[in-house]
Amino acid sequence: MAGAKILAFGGYQPDQVVTNDDLALRVDTSDEWIRSRVGIESRRVAGPEESVTDMATAAGGKALAASGLSPADIDLVVVATCSTILPMPSVAAVAASRLGIAAPGAYDLNAACAGFCYALAAVADSVVAGSSRNALVIGAEKMTDWLDWDDRSTCIIFADGAGAAVVAAVPDGEPAGIGPVVWGSAGEQGNKIQVTGRTGAITQDGQGVFRWATSLHPLALQACERAGVKPSELTAFIPHQANLRIVEALARKLGIPRERVADDIVHAGNTSSASVPLALARMAEQGRLESGTPALLMGFGAGLSYAAQVVTLP
Ligand code: UT7
């Protein structure tokens, strides 16, 4: 096979909306501070009974329905997640079974907020190598399980949700729809965002991560170069939704007009590996994606891990 392409997206958010004012009842913060420093107006939080696997299944089901494929067509399911409480069984195996996908290859992958871009690359390589025909790739997170609700530097940022994409092979002779990934990590800076101990909460060096993330534009340029696409040709830019100021700074440095840039963080919060596919699904719903044109995906976060690739929009 010459390459792989995305057939469809799907997104899922839990029902409960938590506003900035709700958080200001608990910690010393304000709607004005959160909007101006992070860009979030509200976020979604899963209930105590709703798991990463439930959300992964919901998003995966939507992507599968939108793709026109049936469960029998899928032979690989990969879930990017860094927040599942129970390490076994994998979210991927259980979500696949709930979706009626019989005996697929199934595994979870943890590259924190870069997870979806990592998983998409792994799945695309698998399809191109012939190890699988059609794959379901999901980013799903319940970040609120790992929050200290009294820590105002983190509880205002992170949220819950899931997003998914169906990936298929491109027949010989047709151009690939998922460009080469540019990825990496900086484990020596692993303490910049971390959970310490089994029952710990997320802590981060917010300013350090902010500076690092806003200097990642060369990664985006490399992904464009490897795909043979100029940044000016991108019709959509979907960076990890960590902070709207990071999103806007990256877009400015790349010269991508604001209307082409995902801003899902405003109502979704930072959903780690779910943020890129969730933002894609939202942009598709809003009619902001142009089929057949190039879009740049970019993930970055704990690790410090990062990945970017250009995809052709379905
Ligand atoms: O998914 C990837 C993971 N993480 C990220 O991408 C995070 C990247 N970093 C950020 O988004 C930002 O650094 C934060 C949103 C975490 C913080 O924003 P900031 O503009 O860098 O604020 P800061 O840490 O420089 O703090 C400025 C002030 C401090 O008060 P003092 O020391 O100046 O009196 C903080 O204590 O703001 C205070 N502060 C808050 N005030 C009101 C910190 N959090 C809050 C808050 N409400 N929620």
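Colleague: In the second largest pocket, which strand gives the largest share of the lining?

Modeller: That's strand S9 (residues 193-195), with three residues. Keep in mind that we're looking at a predicted model. The space in the second largest pocket is about 310 Å³, and of the 20 residues lining it, Cys-82, Asn-110, Ala-112, Val-195 and Ala-302 are the closest to its centre.

Colleague: What makes a residue such as Cys-82 part of a pocket's lining?

Modeller: A lining residue must have an atom within 4 Å of a point of the pocket. Cys-82 is listed in the lining, so it meets that cut-off.

Colleague: How many residues of that lining are nonpolar, polar and charged?

Modeller: Eleven are nonpolar, nine are polar and none is charged. Try it on the central ones: Cys, Ala and Val count as nonpolar, so Cys-82, Ala-112, Val-195 and Ala-302 go there. Asn is on neither the nonpolar nor the charged list, so Asn-110 is polar. As for domains, domain 1 (4-169) and domain 2 (182-312) each supply at least three residues to this lining.

Colleague: On to the largest pocket. Why do you say where it lies relative to domain 1 and domain 2?

Modeller: Domain 1 (4-169) and domain 2 (182-312) both contribute to its lining, so the largest pocket sits between them. Its volume is about 610 Å³. The lining has 26 residues, with Ile-157, Gln-204, Gly-206, Gln-207 and Asn-243 nearest the centre.

Colleague: Which element gives the most residues to that lining?

Modeller: Helix H6, with five residues. By type, the lining splits into twelve nonpolar, nine polar and five charged.

Colleague: Now the helices. Why is H7 called oblique to H8, and not roughly parallel or roughly perpendicular?

Modeller: Look at the angle first: helix H7 (residues 217-227) packs against H8 at about 55°, with the axes 9 Å apart. Under 35 degrees would be roughly parallel and 65 to 115 roughly perpendicular, so about 55° falls outside both and H7 is oblique to H8. The crossing of H7 and H8 is right-handed.

Colleague: What makes H3 oblique to H4?

Modeller: Helix H3 (residues 52-67) and H4 pack at about 50°, their axes 9 Å apart. That angle is over 35 and below 65 degrees, so H3 is oblique to H4. H3 and H4 also make a right-handed crossing.

Colleague: What is worth noting about the phi of Ala-103?

Modeller: Its phi is positive, about 50°, though Ala-103 isn't a glycine. That stands out because most residues other than glycine have a negative phi. You'll find Ala-103 in the loop between H4 and strand S5 (105-109).

Colleague: Is the peptide bond from Met-88 to Pro-89 cis or trans?

Modeller: Cis, with omega near -10°. Pro-89 belongs to the loop between strand S4 (76-80) and helix H4 (91-98).

Colleague: And which kind of peptide bond joins Gly-303 and Leu-304?

Modeller: Also a cis one, with omega about -15°. Leu-304 is in the loop between S12 and strand S13 (305-312). Cis bonds deserve a second look because most peptide bonds are trans.

Key: Residues numbered from 1 in each chain as written. Predicted model: local features only at pLDDT ≥ 70, side-chain atom pairs only at ≥ 80, totals over all residues. Heavy atoms only, no water. 1 Å grid on protein atoms, 1.4 Å probe; cavity = no way out; pocket = protein on both sides within 12 Å on 5 of 7 lines; lining within 4 Å. Points joined across faces, edges and corners; volume = space filled by probe spheres on them. Helix = DSSP H or I, 4+ residues; strand = E, 2+ residues; numbered from the N terminus. Domains from an automatic or database assignment. Axes fitted to C-alpha atoms, helices over the stretch in contact; angles between N-to-C directions. Parallel < 35°, antiparallel > 145°, perpendicular 65-115°, else oblique. Left-handed = near helix turned anticlockwise from the far one by under 90°.
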